[in-house]
Amino acid sequence: MAAELHVELVAADRSVWSGEATLVVARTTSGDIGVMPGHQPLLGVLESGPVTIRQSDGGTVVAAVHGGFISFADNKLSLLAEIVELSDEIDVQRAERALERAKSDADASAERRADVRLRAVAAR
């Protein structure tokens, strides 16, 4: 089994992160999944949620992912999402205000997006 896998994290409008990793954890419609080198090929639908990438050098990348697809084959993992925000790009105060606004407006999708942003920041 290989010691690392190549990861591409791509949003609809940009390439967000690319590199080598030892583990990637993401939320799919079937539940949370952890992908390590040598994993069986897979194709799945991403749910909104944090994605955690454990880099080969020991670092960690956390991103808020809002929908998309996950694909793994030949030790290459692709995460293709509609919207991706790296945790260090997220303005916590703005996300908290958005969450409060969404709750008061009873906007479930906006509430879910703001909640995912805050969980991604908390996970880093």
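Asp115 is partly exposed, with a relative accessibility of 32%. This residue is a good place to start a tour of the structure, which is a predicted model.

**A pair within one helix**

Asp115 has a partner: its side chain meets that of Arg119 in a salt bridge, with N and O 3.1 Å apart. Both residues belong to helix α2, where they sit 4 residues apart, about one turn of the helix. Arg119 is partly exposed as well, at a relative accessible area of 32%.

How many salt bridges does the structure hold? There are 4, and the table shows three pairs that are among them.

| Pair | N to O distance |
|---|---|
| Arg14 and Glu89 | 2.9 Å |
| Glu85 and Arg117 | 2.8 Å |
| Asp115 and Arg119 | 3.1 Å |

**Pairs that reach across the sequence**

Let us turn to the other two rows. The side chains of Arg14 and Glu89 form a salt bridge at 2.9 Å, N to O. Arg14 is in strand β2 (residues 14-28), while Glu89 is in the loop between β7 (76-86) and α1, so this salt bridge ties together parts that are 75 residues apart in sequence. Arg14 is partly exposed, with a relative accessible area of 31%, and Glu89 is also partly exposed, with a value of 43%.

Glu85 and Arg117 make another salt bridge, and their closest N and O atoms are 2.8 Å apart. Which parts does this pair tie together? Glu85 lies in strand β7 and Arg117 in helix α2 (residues 108-123), so the link joins parts that are 32 residues apart in sequence. Is Glu85 buried or exposed? Glu85 counts as buried because its relative accessibility is 19%, and the cut-off for buried is under 20%.

**The largest pocket**

Some of these residues appear again around the largest pocket, which has a volume of about 160 Å³. Its lining includes Glu85, Glu89 and Arg117, so here is a useful link back to the salt bridges: Glu85 pairs with Arg117. Glu89, for its part, pairs with Arg14.

Which helix gives the most to the lining of the largest pocket? Helix α1 (residues 92-105) does, with 4 residues. Arg94, Ala95, Ala98 and Arg101 are among the lining residues, as are Ile90 and Asp91.

What kinds of residues make up this lining? They divide into 6 charged, 3 nonpolar and no polar residues. As you look at the structure, try finding Glu85 and Arg117 in the pocket lining, and then follow the salt bridge that joins them.

Methods. Residues are numbered from 1 along each chain as its sequence is written. This is a predicted model: local features need pLDDT of at least 70, side-chain atom pairs count only at pLDDT 80 or more; totals for chains, interfaces and linings use all residues. Side-chain values use heavy atoms; hydrogens and water are left out. On a 1 Å grid over the protein atoms alone, a cavity is a set of points where a 1.4 Å probe fits but cannot get out, and a pocket is an open set with protein on both sides within 12 Å along at least five of seven lines; lining residues have an atom within 4 Å of a point. Grid points are joined across faces, edges and corners, and a volume is the space filled by probe spheres set on the points. Helices (H or I, at least four residues) and strands (E, at least two) are DSSP runs, numbered from the N terminus. Ala, Val, Leu, Ile, Met, Phe, Trp, Tyr, Cys and Pro count as nonpolar, Asp, Glu, Lys and Arg as charged, and the others, Gly among them, as polar. Buried means under 20% relative accessible area, exposed over 50%, partly exposed in between (1.4 Å probe, protein chains only).
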